[in-house]
Amino acid sequence: MLTLVNSFEVHGDPARFEEEFRKVSDWMRGQPGFHRHQLCRSAHDPRRFVNIAVWDDQAALDAAIGDEGFQSRVAVLRTMATATPHTYDHVLDVVGTAAGATP
């Protein structure tokens, strides 16, 4: 498993950024090797977002972001925000009891 953590600093309207991000998200959910993602907005600065996405591996992520379908959808986001992506290998995955896990 591979996790992509991509932080965004939005230069335009945050609500429009979210709207455009949903278009990318709708396309991404059908890509091979994609498991899930979360878009989180800062509780202190509405222009800062973090996307946390889980993929099978780097090859699946590379195939998706190299696809013209992704490139055409993400082009608008690039005009609205500065992105700083990094990928991480899974080391530990913990589920709390509030989520239904048993100790």
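This is a short talk on one predicted model, from its sheet to its helices and a few residues.

First, the ground rules. Residues are numbered from 1 along each chain as its sequence is written, and side-chain values use heavy atoms, with hydrogens and water left out. Because the model is predicted, local features need pLDDT of at least 70 and side-chain atom pairs count only at pLDDT 80 or more, while totals for chains, interfaces and linings use all residues.

How confident is the predictor? pLDDT is its confidence in each residue, from 0 to 100. The chain averages 94, and 97% of the residues score at least 70. Among the elements, β1 has the highest mean, 98, and α3 the lowest, 95.

A word on names. Helices (H or I, at least four residues) and strands (E, at least two) are DSSP runs, numbered from the N terminus. Two strands pair if DSSP finds at least two bridges between them.

Now the sheet. It is open, with four strands in the order β2-β3-β1-β4. The pairing is antiparallel. Which strands stand at the edges? They are β2 (34–41) and β4 (81–89). Each has a single partner strand, so one side of each is left without a neighbour in the sheet. From one strand to the next, the twist averages 15°. Angles run from 0 to 180 degrees between N-to-C directions, and axes are lines fitted to C-alpha atoms, for helices over the stretch in contact.

Look at β2 and β3 (residues 48–55). Seven bridges join them. In one pairing, Leu-39 has Asn-51 in β3 as its bridge partner.

Next, helix α3, residues 68–80. It lies across β1 (2–10) and β4, at about 115° to β4. Contact here means heavy atoms within 4.5 Å.

On to α1, residues 14–28. The expected span of a helix is 1.5 Å times one less than its number of residues. For the 15 residues of α1 that gives 21 Å, and the end C-alpha atoms are 20 Å apart, which agrees. At the start of α1, a side-chain oxygen of Asp-13 reaches to within 3.2 Å of the backbone nitrogen of Ala-15.

Which parts of α1 are buried? Buried means under 20% relative accessible area, exposed over 50%, partly exposed in between (1.4 Å probe, protein chains only). The buried residues include Phe-17, Glu-18, Phe-21 and Trp-27. Their cover includes β1, β2, β3, α2, α3 and β4.

Take Glu-18. Its relative accessible area is 16%, so Glu-18 is buried. Glu-18 touches Arg-41 and Phe-49, leaving aside residues up to four places away in sequence. A polar contact of 2.3 Å joins the side chains of Glu-18 and Arg-41. A polar contact is a pair of N or O atoms within 3.5 Å; within protein, one must be able to donate a hydrogen and the other to accept it, and residues adjacent in sequence count only if both atoms are side-chain atoms.

Last stop: α2, residues 58–66, which holds Ala-60. Ala-60 is buried at 13%. Its C-alpha atom is 6.5 Å from that of Pro-32, though the two are 28 residues apart along the chain.

Ala-64 also sits in α2. At 2%, Ala-64 counts as buried. Beyond residues up to four places away in sequence, Ala-64 touches Trp-27, Met-28, Gln-31, Trp-55 and Phe-70. Gln-31 lies in the loop between α1 and β2, and at 17% Gln-31 counts as buried.

Notes
pLDDT = per-residue confidence, 0-100.
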